[in-house]
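Trainee: I am new to this structure and would love a close look at one part of it. Could you walk me through its salt bridges?

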Amino acid sequence: MTAWASDGRHGRGEPEDPVRQFVLRWDADHPSGGTGFGVVAASGRWRDAEAIARSVGPTLEVAGENAVPGLVRLRNRDSVLLAHRTPGRDAGGRSGTVCHVLVGTVRQLSVRRCLALHAWTWEPEPLTVTTVRGDLLSVAAESLAKAESGGLAALRAELAHPDVAATLTALTAEVLRDPDRRFSVLDPSLGRAPHAVLAGLNDMFGPVLADQQRGWSFATHDTDDSKPLRFVFLREWPPHPSSEPRARVDPRRGRKDTAAGLAKELVERLLEGVDPAHLQDVLQRHANRETPHRPGWLPRATSQALDRLSSPPRLPTRTGDQEPPTPQPSAPQPWDPAPRAPFAEADELLDELRDVDVRGPRLGELLARIDERGEHWDEGRQFKLCLVLLERDLFLGAPPDGTEERVVDAYERWVRPFSHKSEVVNRLKTIVSTTWSSSRDNPRAREALTRIVEGGPGFAEQVWIALWRATRDQAAAHRPAPPAHEPAPGPAPGPAPETWAPLKDIPPAPGYPAPSSSPPPVAEPPRANPQAPLWDSGAGPEPSAGPSGRGWTERDRLIVVACLFVFTVVVLIVLVTLLV
């Protein structure tokens, strides 16, 4: 059985086989032997179900008391796994997970159908998943198809709820900013909104996201966002950072930029009743004309698609909820004696950014102006902005007055898209190394750098190595050396010096171990004997030198004695022979 993954690669063949089903829960005596979270009931071959369970078990199981029912979808080539999770208890009364799993083809378990089955009422005879055990029958694909239309209509009706629409708008904006990432979404609805949110997102970007490597994998509820899923919804952020770079989306904290404006228009189109199939088709056609992974490719495609769908033609997208700009007359105004050259304002903003004081009050205002206008700059000027931010060390260490939020956003928007370029890589290596090494003098800089890393910085491997070395070297430098002798008694100590608040450790780079709190062991050089010359090995007095220039050994002496003995014997034999 092939290992399961959450990629989005398309399969070629989809045989119309029955949909397999099996049940996973904690059990002290599995039918195949063993104890723990595993298969207790299955249709088809048990070894196939057990192989899948071993591969995806950690992804399907939910830890903690805050678990609520939800769906998990994974894809492996041309097969799809859909799991309906419900909270359960093990034999000891501890919280656990019960999963009813379906495995079928991409056609049988499409994204739309999986979401439509969210209520899990498709079963003609529902299983008692908490007690069922043994062999199960396969599921007829027709029973799943019958439940699709009703379930999908209910989800689309929920999009009109203000909280659902707000969450969909926030997630859509984040997808537009960087569609190649994984996304964690804060969900206070206890699992009610995510199905509708994902259905709305699929109505817009279903084929576009399916064509990417990460595909359509999701969990409508979980307590940990470090699992290999593209979309994860959580009631609260976990205390530890994700091991995978993820964009964390909080619908209550929106940004005002072009992506937010486009997202708002798309959601409004859905709520107005546009045909989702037509919207998907137009978006996909324009996305196919763009170069994948080029900065801004999806917002450009979306803007063109909205132009195509609009009649009369739509106005240019505004950033966030700003008022539309006042029409300007073509003739120069008294306060503007000559028309400004294209992008002259951009060059002025870049000059201001080079000279602004990092601790001054103007930095936050300047970054806000750049956020509003930078989306309309050409790629060359956006790259210049990236280089200016790097020249100013990303303004890490900005005062904690709200400006630090804009500093982190500035990296995300203007530096990360160019993080693969050699000049950016070289500068980032220096910035992360010096920032981490000097963090005791400037803890705010380290905190800002940590937030950038937790958000998924897109660092090249060389930058991760530089950061890892900086964390390792600092750990070694701050390890206190043991005292060589007892300190001499002295006067009573004065007031304790000011201590730094504990600083948050940076998450380890992918592929590299976390730095140890103690330095690596270093071999101690051999110590010289103060009573003897440095070349003395301490084994005893130096032996007398032999003919070869080295000391006589016991073997040398034995050889000499043997030679003398043989010589004596030979001489005696010759003498005896002569006398006879």
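Trainee: To start with, is Asp 257 buried or exposed?

Mentor: Happy to help! Please keep in mind that this is a predicted model, in which local features need pLDDT of at least 70 and side-chain atom pairs count only at pLDDT 80 or more, while totals for chains, interfaces and linings use all residues. Residues are numbered from 1 along each chain as its sequence is written, and side-chain values use heavy atoms, leaving out hydrogens and water.

Now to your question: Asp 257 counts as buried, because its relative accessibility is 1% and buried means under 20% relative accessible area, with exposed over 50% and partly exposed in between (1.4 Å probe, protein chains only). Asp 257 forms a salt bridge with Arg 177, with 2.8 Å between the closest N and O atoms. A salt bridge here is a side-chain nitrogen of Lys or Arg within 4 Å of a carboxyl oxygen of Asp or Glu. This pair links distant parts of the chain, 80 residues apart: Arg 177 sits in helix α5 (residues 162–177), and Asp 257 in the loop between β10 (246–249) and α7 (258–272). Helices (H or I, at least four residues) and strands (E, at least two) are DSSP runs, numbered from the N terminus. Arg 177, at 25% relative accessibility, counts as partly exposed. Both residues also belong to a network of salt bridges that links them with Glu 174 and Arg 255.

For the wider picture, the structure holds 24 salt bridges. Among them is the one between Arg 413 and Asp 371, at 3.3 Å from N to O; both of these residues are buried.
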